[in-house]
Amino acid sequence: MVAVKVEKLEKDYGKVKALKGISFTIEEGEIFGLIGPNGAGKSTTLRILATLLMPTGGRAEVFGYDVVKEAEEVRKLISYLPEEAGAYKRLTGLEYLEFMAKLYAKDKKKAEEMLKLGIELSGLGERLRDKVSTYSKGMTRRLLLARALMVKPKLAILDEPTSGLDIMNAFEIRKTIKEFVREGVTFLISSHNMLEVEYLCDRVALIHKGRIVEIGEPEELKAKYNAENLEEVFMEAINNV
Ligand SMILES: Nc1ncnc2c1ncn2[C@@H]1O[C@H](COP(=O)(O)OP(=O)(O)OP(=O)(O)O)[C@@H](O)[C@H]1O
């Protein structure tokens, strides 16, 4: 089944054309990476798919639901981790996860299951009893990722999930993402770290100045451009546009 279908999507912010008609599809069960430099249009694409931003043109669907006309249905299927996400700083990590579990779960039993999973995913152990305001950036990121995944969304939309994290935290997060695919979660991840994405993603779309310049499996793209890594592919691909 197709998890995400984006067709000729456009977004203008006043005079700035952030997306100039991008198209791609994501199959259910894939880890799909949207990669490109700062300002390429990654966050804009993710926010449209997360139903937080209206496109100017084109259309997008999540599991067959239109992100504009059927936003309520889309929201039931997705979890979104924004790039600059804060948690409720006055709560402890545990209170935050509890609050979110109660908000999302249909009944008490489900909420307890979600909370248990969230605690495990956060990897924060005893520190969950401390206020979020005392957490490092990496700890906050892990808490928020745990929140996004504990609800077992059909589609997880993660904006730069490992940005600013040390190698150990980034490694743990990548591992968690890989494990969750087996639970039936489809991932759309944005990153400007092309090497990381190469390791993590089944397929990638390279985005540059609001246009997709290449789509494919990392190995396929490297072979096509006779490149050693995706960074080299990207540099070659933007020269060809
Ligand atoms: N609210 C806004 N108002 C005006 N312009 C915006 C707004 N948000 C984004 N833009 C512009 O749209 C373009 C795409 O931005 P976007 O945040 O989608 O890029 P990005 O690929 O996520 O970049 P980064 O890696 O730096 O987060 C940029 O030129 C940016 O300046």
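Two strands pair if DSSP finds at least two bridges between them. That cut-off is used below on a predicted model.

**Exercise 1. Decide how β6 and β7 are related, and place a helix against them.**

Step 1. Count the bridges. β6 and strand β7 (residues 155-159) are joined by 4 bridges. At least two are needed, so the two strands pair.
Step 2. Read the direction. β6 and β7 run parallel.
Step 3. Pick a partner. Isoleucine 78 has leucine 155 in β7 as its bridge partner.
Step 4. Add the helix. Across β6 and β7 lies helix α5 (residues 137-150), at about 170 degrees to β6.

**Exercise 2. Lay out the sheet that contains β6, and find its edges.**

Step 1. List the strands. The order is β6-β7-β8-β3-β9-β10, which makes 6 strands in an open sheet with mixed pairing.
Step 2. Find the ends. β6 (78-81) and β10 (211-216) are the edge strands, and each pairs on one side only.
Step 3. Note the twist. From one strand to the next, the twist averages 15 degrees.
Step 4. Put α1 in place. This helix packs on the sheet and touches β3 (31-35), β7, β8 (186-191) and β9 (203-208). The direction of α1 makes about 150 degrees with that of β8.

**Exercise 3. Follow β9 to its two partners. In which sense does each pair?**

Step 1. Take β3. β3 and β9 pair in the parallel sense, over 4 bridges. Leucine 34 is matched with alanine 205 of β9.
Step 2. Take β10. Here the pairing with β9 is antiparallel, over 5 bridges. Leucine 206 has glutamate 214 of β10 as its bridge partner.
Step 3. Look at the turn. β9 and β10 form a hairpin with 2 residues between them. Lysine 209, in the turn, has a positive phi of about 50 degrees.

**Exercise 4. Map the sheet built from β2, β1, β4 and β5, and explain its edges.**

Step 1. Write the order. The 4 strands run β2-β1-β4-β5 in an open sheet, and the pairing is antiparallel.
Step 2. Explain the edges. β2 and β5 (65-66) each have a single partner strand, so one side of each is left without a neighbour in the sheet.
Step 3. Check one pair. Strand β1 (residues 2-13) and β2 run antiparallel and are joined by 9 bridges. Leucine 9 has isoleucine 22 in β2 as its bridge partner.
Step 4. Bring back α1. The helix lies across β1, β2 and β4 (57-62), at about 120 degrees to β1.

**Exercise 5. Which residues have the most contacts inside the largest nonpolar core?**

Step 1. Name them. They are Leu49, Ile157, Phe187 and Leu188, in a core of 67 residues.
Step 2. Assign the core to elements. α5 gives the largest share, 8 residues.
Step 3. Trace leucine 188. Beyond its neighbours within four places in sequence, leucine 188 is in contact with Val4, Ile26, Phe32, Leu34, Leu46, Leu49, Leu155 and Ile157.

**Exercise 6. Describe the shell around the ligand.**

Step 1. Count the residues. There are 13 around the ligand, and the closest are Tyr13, Ala18, Asn38, Ser43 and Thr44.
Step 2. Sort them by type. The shell has 4 nonpolar, 7 polar and 2 charged residues.
Step 3. Find the contributing elements. β2 (16-27) and α1 (42-49) each supply at least two residues of the shell.
Step 4. Rank the sources. The largest share, 3 residues, comes from α1.

Definitions and conventions:
Residues numbered from 1 in each chain as written. Predicted model: local features only at pLDDT ≥ 70, side-chain atom pairs only at ≥ 80, totals over all residues. Near = placed C-beta within 6 Å. Nonpolar A, V, L, I, M, F, W, Y, C, P; charged D, E, K, R; others polar. Axes fitted to C-alpha atoms, helices over the stretch in contact; angles between N-to-C directions. Contact = placed C-beta atoms within 7 Å. Core = buried A, V, L, I, M, F, W, Y, C linked by C-beta atoms within 7 Å. Buried ≥ 20, exposed ≤ 12 C-beta atoms within 10 Å, placed from the backbone.
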